[in-house]
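Biologist: I'm new to this one, so could you walk me through it with a few questions and answers?

Modeller: Gladly, let's have a look together.

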Amino acid sequence: MAAMLEFRTQGYNPYAVKYSPYYDNKIAVATSANFGIVGNGRVFVLNLTNQGTVVVEKAFDTNDAQYDVAWSEINERQVVVACGDGSIKLYDIGVEPGFPVMNFHEHKRETFSVCWNPVTKDSFASSSWDGTVKIHSLLPVEPCPSLGRLERLTSPDIRSPYSGNCEVPFDSGNPGPRTTSGFPRATSASSGARRGVDP
């Protein structure tokens, strides 16, 4: 039996882990202090070495818990993180210091999941405990479309690998998935560097 690699997120509880779609030795982990109830979050970008160890390449801190992470489909150095304050932060592991390069704040409650679109690679989706699913784009700023209110949203949304305009959010109040398609691609994002605002 092969040895199992292990990494301990000291002081943080891991909520989500994703392999990089570009490198087979790179993992992103979204974590939260105090089991995500109260406290900070940290996303770890980990490298699996040839020597059989796991090392931290980069870590980014947030003022609230982190519940999910997704790798960018257009830039191998970028990850988005779903945060407990309703925001989504885009980090670039090649940028110093470790502030987000973009900050999206469209949800009214905790952002529960993020999923990058593998077809329309400049957009990603997020779902929140406010009962909404939002579509975000890295293109010029426009209003962020909402797929409507879902009662008791419990599962992460699923993006079609074949169509850039098909989103399947799940609602625990309905027995099956609610499919929405044909929505416009748009976003509402703020960039601290562009607008001079503290991310």
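Biologist: How much accessible surface does the chain have?

Modeller: Keep in mind that this is a predicted model. Carbon and sulfur atoms hold 53% of the accessible surface. The total for the chain comes to about 10100 Å².

Biologist: Thanks! How many helices and strands does the chain have?

Modeller: The chain has 199 residues, 48% of them counted as buried. Its secondary structure is made up of one helix and 15 strands.

Biologist: Which residue in the loop between strand 2 and strand 3 is exposed?

Modeller: Let's compare two residues of that loop. N34 sits between strand 2 (26-32) and strand 3 (41-48), and its relative accessible area of 46% makes it partly exposed. Exposed means over 50%, and a relative accessibility of 59% puts one residue of the loop in that class: F35.

Biologist: And what is the phi of N34?

Modeller: Most residues other than glycine have a negative phi. N34 is not a glycine, yet its phi is positive. F35 also has a positive value, near 60°. For N34, phi is about 55°.

Biologist: Let's turn to charges. Which residue forms a salt bridge with K26?

Modeller: Side chains of opposite charge can pair when their charged atoms come close. K26 lies in strand 2 and its partner in strand 4 (residues 54-62), 31 residues apart. K26 is buried, at 9% relative accessible area, while the partner is partly exposed at 33%. With the closest N and O atoms 2.4 Å apart, that partner is E57.

Biologist: K58 and E96 meet in a salt bridge too, so is E96 buried or exposed?

Modeller: The N to O distance in this pair is 2.3 Å. K58 lies in strand 4 and E96 in the loop between strand 7 (88-92) and strand 8 (102-104), so the bridge ties together parts 38 residues apart in sequence. K58 counts as buried at 12% relative accessibility. E96 has a relative accessible area of 62%, so the word for E96 is exposed.

Biologist: One last pair: how many residues apart are E73 and K121?

Modeller: Their salt bridge has its closest N and O atoms 3.6 Å apart. E73 is in the loop between strand 5 (66-71) and strand 6 (78-83), and K121 is in the loop between strand 9 (111-116) and strand 10 (123-128). K121 is partly exposed, with 34% relative accessibility. Along the chain, E73 and K121 are 48 residues apart.

Conventions: Residues numbered from 1 in each chain as written. Predicted model: local features only at pLDDT ≥ 70, side-chain atom pairs only at ≥ 80, totals over all residues. Heavy atoms only, no water. Helix = DSSP H or I, 4+ residues; strand = E, 2+ residues; numbered from the N terminus. Buried < 20%, exposed > 50% of the residue type's maximum accessible area, 1.4 Å probe, protein only. Areas by Shrake-Rupley, 256 points an atom, 1.4 Å probe, with all protein chains shown as cover. Salt bridge = Lys/Arg side-chain N within 4 Å of Asp/Glu carboxyl O.
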